[in-house]
Amino acid sequence: MIVPAVRAKLIFFILAFAIFNVPAGPAQENPAAEAPAAATEAGAQPTAPALLDSRVTATQDRARLVLDLTTPTEFAVYTAADPMRVIVELRGQAGDGGQDNQPAGDGLVTAYSVEAPGGERVRVTLSLAGPAQVQQSYILDAFEDQPARLVIDLVPDTAENFAANMRGAEPAVEQAEQEVPPAELDGAQTAPGETATAIDSVRPLVIIDPGHGGVDGGARATNGLEEKTIVLAFALKLQNLLVETGRFDVALTRDTDTFLTLSERVALARQNQADLFISLHADSFDQQDVRGASIYTRGDLATSDLDRVLAENENRVDLIAGFSPPEDEGAIDVLVDFLARETRRQSYLAGQALIEQLEPSVQLRRFPLRQADFFVLNSPDIPSVLIELGFLSNSDDTANLTTDAWLDRVAAALARGVAVYFDGRY
Ligand SMILES: [Zn+2]
């Protein structure tokens, strides 16, 4: 699947190719329910998962349904008209059922109801303010104090598309009524889009930049594990997931334990005309209670003093490794300034898309989308974000950063976020 294709000046670039996927068919069947492995557990009669809680948040631009469950389950999503609605069917048990609920916020979804029609089925009906399509739907396993979750994101659609999806909806309803064999579900397996189509000739290039490396170990956990090692392993995970979608070319600034200056990282992104640059870190703070994932975009005025100190420390790593500190390029001409403004807007949109996908999966820092003057976010022409996966100065974060299940979960969420960002951009 992964094909070494280009050797850049400083490093190997790993490019990979697969079938291109498009989002939103008429109905989104949970693919894991159809996996061959699903049929092998005949005889076992597991208790149906119980619905613990349901909530909807809605704006004009998007809506999200989150169902908290005791365990992952099978589900199907389809649309219906007169009135326009999205219906989610899942195998499970609901307490009372039948109640009408109001979403938080005002927008795409005006109300929703939860019913238990019997036969270990739960039906959630979302009333729509206008035509919409399912952008993505996925299951998350339980983790830490979070229950298992079914997450469904909706975005506005044209009336024509909505009607076209409707015509295909009937068979999906039939299918939803059939007995669905129990399956072990994995959130990482689901991604936006399920319909195979022609290979897109120009895929966006995502460059992932694992922070630090070589003589620069970055932050260090109390157990001795170094930031450079954690972020490199994570970068490879994220690369694999993005490559599997078939939508992106994905390269790393380093795929070994080597030192790169900050300028070299930025230069790699610019020389290769990356469409998105993602720098990965897991730094330390003096305040040990600061924890959770956060995402930074470039800003001369840091969100807080802590953010400013974090960026200043990060910008000094070249010095620590014996290189000159990087310097800003000084006077910026009008064209570059114009580019930079659009790039900052794109960087912010990317950060927002990534945070939105992280939110149901993992603990985030308070106000998780932040700004600080990180040098690696400097490119005037490449949308760039820096992700602090967590803080090695916090023991809970350190435990997560060394737990495969947590890392998989975050990588899956970020891969979804990258797809959502590019869905909106093109
Ligand atoms: Zn770092």
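Glu 314 is buried, with a relative accessible area of 6%, where buried means under 20% (1.4 Å probe, protein chains only). His 212 is likewise buried, at 4%. The structure is a predicted model, in which local features need pLDDT of at least 70 and side-chain atom pairs count only at pLDDT 80 or more, while totals for chains, interfaces and linings use all residues. Residues are numbered from 1 along each chain as its sequence is written, and side-chain values use heavy atoms, without hydrogens and water.

Both residues serve the zinc ion, which is coordinated at 2.0 to 2.7 Å by His 212 (NE2), Glu 227 (OE), His 281 (ND1), Asp 283 (OD), Asp 283 (OD) and Glu 314 (OE); donors are N, O and S atoms within 2.8 Å of the metal (3.2 Å for Na, K and Ca), and water is not among the atoms, so sites may look incomplete. Along the chain the donors are spaced H-x14-E-x53-H-x1-D-x30-E. His 212 sits in the loop between β15 (205-210) and α3 (227-245) and Glu 314 in helix α5 (residues 305-315), so this pair ties together parts 102 residues apart in sequence.

Turning to the interior, the largest nonpolar core has 47 residues, and Leu 358 and Leu 389 have the most contacts inside it. Such a core is a set of buried Ala, Val, Leu, Ile, Met, Phe, Trp, Tyr and Cys residues joined through side-chain atoms within 4.5 Å. Its largest share, 13 residues, comes from α9. A second, separate core of 30 residues includes Val 56, Val 122, Ala 148 and Leu 154.

Definitions and conventions. Helices (H or I, at least four residues) and strands (E, at least two) are DSSP runs, numbered from the N terminus. Buried means under 20% relative accessible area, exposed over 50%, partly exposed in between (1.4 Å probe, protein chains only).
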